[in-house]
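Subject: Structure handover

Hi there,

Here is the structure I promised to pass on to you. Please have a look at it first, and then read my notes below.

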Amino acid sequence: MKAECMRTSSAYSRVSSSSSISSSCCSPRSSPSPPSSPRRPSPKPRHGRSSSSSSSKTCIKSNRMQGAGGEATLPLPPAKCMHKFLCLLLSLLLKRHGVFLFAPLIYISGMLFYMGTMSFEVPGVAMHPTPGLVYRSPQLFKRLWLGMNSDNGTSSDGLMAAWQHPREGEEWIPCISHTLSGGLPHSNGYILIEANGGLNQQRTSICNAVAVAGLLNATLVIPNFHFNSIWQDPSKFGDIYDEGHFIKSLRQDVRVVRELPEDIMATFDYNTSNIFNFRVKAWSPVSYYLQKVLPRLLDFGVIRISPFANRLSSEVPPSIQRLRCLANYEALKFSVPIASLAEKLVKRMIGASSRSNGKYIAVHLRFEEDMVAFSCCVYDGGEAEKLEMDAARERGWKGKFNRKGRIIRPGVIRKDGKCPLTPLEVGMMLRGMGFNNNTSIFLASGKIYKAEKNMAPLRQMFPLLQTKETLASPEELAPFEGYSSRMAALDYTVCLHSEVFVTTQGGNFPHFLMGHRRYLYKGHAKTIKPNKRKLALLFDNPKIRWETFKRQMQAMRRHNDVKGIELRKVNGSVYTFPMPDCMSRQNSGKLRSSNIVH
């Protein structure tokens, strides 16, 4: 029994010895060890030489001994050698705790090495560009033309259905009442302002000047127009507006004179540039004028403010806001030559719209060469277009677009809805909204970029297209040629009296028109202001069907109908949103209405 026990113990010892190689390297793979005796305490850890080092030596020695005993010596496979090396490295790290400071670096280095050997290419997956970045409207037009041409309802239905949103209790009327006092107090002095920019930026300057003159109880001298290098229009105030009507309309609220008195002019050697010029910051509040400008006015008796476009805050007392309304909607009337021809153009446009009961659409199209160049958008002209636009940008804005570090991304600009709509895109949009090819269109614009090519599809969709050049004879337009502001005044009047006004790019022209139309049409702008971000996505969708495109366009038109009546918000422009500063609800009866000035 004792001998049998010894043999069993010797056999167990051999199993333990032969498995020492595996046990010293990685415990999960080791052979089961005998359970430790509950009476014998665990051996204390020995410091000094690593047990893993001795185990490694034992491993090598055992291997050599096996070879010396006559057995075949087999070389260890590379994977097993690497496994043993990693086990040895891990043992060292466990004993030398300070080495763990380098563990993150070792881990990251290993991951970078491992990832560098991998390929992240996914076969069979094509990368598609983000929708809305590319101009593909011509290709879309070819796809939609068949459905568009076959879906041709009556033009009167399209125009009559344009504004159907119920507006019970939402109708507004003008309520600009004149001062009812016995007269104006003694003037504190004279104010001269210089209006800069185009037609409607000058209009902003004039209306703000009237408000400032009323605020300071000053006498306003008829504004002088600054000659602009872009607009190239030397017109004076009296060439565009009726001076007599302007002075008469304001006589109960603000004193207005055509020029400074002789004695004051003599004081400044008959040169208005010698008069003290106030450099007023944009959107200055009422307090600035009362605290800074008024004392100077009282000291000198006359001051000059140049330039004077947006030099008065949008938020002013109601009495001052009313002066803005009075100036814009009643006092500013176009001069007789402009008003006379404009009235003829409106009548001719109504006559040309007999198929739609005298109703027509007016489109303000901004696709002139300078506008296309300034936008930095890319269309379908290729390298020739790029060279033309680069040259145009350099002519108009020397060096502005070539500054170091400036990055221009045409695709991002297009997707953000900032690219001017082409005549083709305007036509597709209007046809989708339900206006057929019998609808009369008045186009208000300058010289269209590459007009012959770009205007062809719009005329194909709307043959009854008119401009001021087609409505008026060359002899009638001759006095206005070379005067951009006078020509813009003609466009303004025809657009003002249209059933539908379409704005395509923003700017002062449509903003003033929207406000003026609200003033005339019981608070409703009757204006289509398209969502150009949404249009960019739709025009870049080559798979869209006509029914889907039409449904999207009609939803956009209905949205504009709902937003037609909109009140001015804080810091909003009274020239775009005249309610409630210039108008009151028709059924309120709180304020009396003044006559509408056409």
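To begin with the whole chain: among contacts between residues at least 6 apart in sequence, 80% join residues at least 24 apart. Please keep in mind that this is a predicted model. The secondary structure comes to 25 helices and 13 strands, and buried residues make up 42% of the 598 residues in the protein.

Helix α8 and its partner

I started with helix α8, which covers residues 199-216. Does its length fit its number of residues, or what span should we expect at 1.5 Å a residue? For 18 residues the expected span is 26 Å, and the end C-alpha atoms are 26 Å apart, so the two agree. This helix is mostly covered, with 16 of its 18 residues buried. Just after α8 comes Asn217, which takes a positive phi of about 50 degrees.

α8 packs against helix α12 (residues 286-300) at an angle of about 70 degrees, and their axes are 10 Å apart. An angle from 65 to 115 degrees counts as roughly perpendicular, and α8 and α12 are therefore roughly perpendicular to each other. Their crossing is right-handed. On the α8 side, the contact is made by Val212, Leu215 and Leu216; α12 contributes Val286, Tyr289, Leu290, Val293, Leu294 and Leu297. Sorted by type, the residues of this contact are nine nonpolar, no polar and no charged.

A second helix pair

The other pair I looked at is helix α14 (residues 336-351) with helix α22 (residues 484-496), whose axes come within 9 Å and cross at roughly 40 degrees. That angle makes α14 oblique to α22. α14 passes α22 in a right-handed crossing. From α14, the residues in contact are Ile338, Leu341, Ala342, Leu345 and Val346, and they meet Arg486, Ala489, Leu490, Thr493 and Val494 of α22. Here the contact divides into eight nonpolar residues, one polar and one charged.

Backbone details in the loops

Where are the cis peptide bonds that I noted? One runs from Ser306 to Pro307, with omega near 0 degrees. Pro307 has its place in the loop between β7 (302-305) and α13 (318-331). Another cis bond leads from Met579 to Pro580, with omega near 5 degrees, and Pro580 is found in the loop between α25 (546-562) and β13 (583-585).

Two lysines also caught my eye. Lys450 is not a glycine, yet it has a positive phi of about 50 degrees. It is found in the loop between β9 (441-444) and α19 (451-461). Lys526 also has a positive phi of about 50 degrees and is not a glycine; this residue lies in the loop between α23 (508-520) and β12 (527-528).

Is Lys526 buried or exposed? Its relative accessible area is 17%, and buried means under 20%, so Lys526 is buried. Lys450 has a relative accessible area of 33%, and because partly exposed lies between the 20% and 50% cut-offs, Lys450 is partly exposed.

Happy browsing, and do write back with any questions.

Best wishes

Technical notes. Residues numbered from 1 in each chain as written. Predicted model: local features only at pLDDT ≥ 70, side-chain atom pairs only at ≥ 80, totals over all residues. Heavy atoms only, no water. Axes fitted to C-alpha atoms, helices over the stretch in contact; angles between N-to-C directions. Helix = DSSP H or I, 4+ residues; strand = E, 2+ residues; numbered from the N terminus. Parallel < 35°, antiparallel > 145°, perpendicular 65-115°, else oblique. Left-handed = near helix turned anticlockwise from the far one by under 90°. Contact = heavy atoms within 4.5 Å. Nonpolar A, V, L, I, M, F, W, Y, C, P; charged D, E, K, R; others polar. Expected span 1.5 Å × (residues − 1). Buried < 20%, exposed > 50% of the residue type's maximum accessible area, 1.4 Å probe, protein only.
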